[in-house]
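Colleague: Could you take a close look at the nonpolar core of this one for me? I'd like to hear which residues hold the centre of the contacts and what surrounds them.

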Amino acid sequence: MAGTQDPITASRFSITIDGYEIAAFSELQGITTEVKPVEHLESTDKELILKKLPGKREPAVVKLKRGKTADMALWAWHEAVLQGDILAARKSASLVMYGADGKPVARYHMENAWPSVVEIGALKAGANDVLMETVTIVCETLQRVSV
């Protein structure tokens, strides 16, 4: 049995909305969370001290990649964004990472998530390459939750 300090390895990633897996991915290109520092000048009797404090929180970004499939669920979600339907576009979703045995090894909850970018890769006619799709999901909050 793997210990709690062992590095996470995953063989598959999925996006789940309302308990339904809408897309599976072969690659997680990254999860980015960021808080911009702000400068704060503090004065004492003897000196001025410049401090950097946590400031504005940037929206979290998740970037995933997969072989393009015929399933339309992910594109329909992105289409809501393209049409400006904010209520339909912003969803609570989960990013689930699965180990080689098919069991979840990590889970992240995303609040008010929406696919900001859907990129379809290049493909030559007659080639045996797989058409790749890259999706960037932006969310207001991203929280690591227990598996």
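Modeller: Sure. This is a predicted model, and its largest nonpolar core has 22 residues, of which Ile15, Phe25, Leu64, Trp77, Leu95, Met110 and Ile137 touch the most other members. The elements giving two or more residues to this core are strand 1 (12–17), strand 2 (20–25), strand 4, helix 1 (73–82), strand 5 (91–98), strand 6 (104–120) and strand 7 (132–139). Strand 6 gives the most, with five residues.

Trp77 deserves a look of its own. Setting aside neighbours within four places in sequence, Trp77 is in contact with Ile15, Ile17, Ile22, Ala88, Ala89, Lys91, Ala113, Trp114, Pro115 and Ile137. Across the protein, 60% of the contacts with a separation of 6 or more are between residues 24 or more positions apart.

As for the setting, the protein has two helices and eight strands, running β-β-β-β-α-α-β-β-β-β from the N terminus. Its radius of gyration is 20 Å, well over the 15 Å that the globule rule gives for 147 residues, so the protein is more spread out than a compact globule. The C-alpha atoms fill a box of roughly 75 × 50 × 35 Å along the principal axes, and 26% of the 147 residues count as buried.

Now for the outside. The protein exposes about 9,700 Å², with carbon and sulfur atoms supplying 53% of that. Leu41, Leu48 and Leu50 make a nonpolar surface patch of about 330 Å². Leu48 lies in strand 4 (residues 48–67), and Leu48 is exposed because its relative accessible area is 58%, with over 50% being the cut-off for that word.

Notes:
Residues numbered from 1 in each chain as written. Predicted model: local features only at pLDDT ≥ 70, side-chain atom pairs only at ≥ 80, totals over all residues. Heavy atoms only, no water. Patch = residues over 30% accessible without salt bridge, like charges linked within 9 Å, V, L, I, M, F, W, Y side chains within 5 Å. Areas by Shrake-Rupley, 256 points an atom, 1.4 Å probe, with all protein chains shown as cover. Salt bridge = Lys/Arg side-chain N within 4 Å of Asp/Glu carboxyl O. Helix = DSSP H or I, 4+ residues; strand = E, 2+ residues; numbered from the N terminus. Buried < 20%, exposed > 50% of the residue type's maximum accessible area, 1.4 Å probe, protein only. Core = buried A, V, L, I, M, F, W, Y, C linked by side-chain atoms within 4.5 Å. Contact = heavy atoms within 4.5 Å. Rg over C-alpha atoms; globule rule 2.2 N^0.38 Å.
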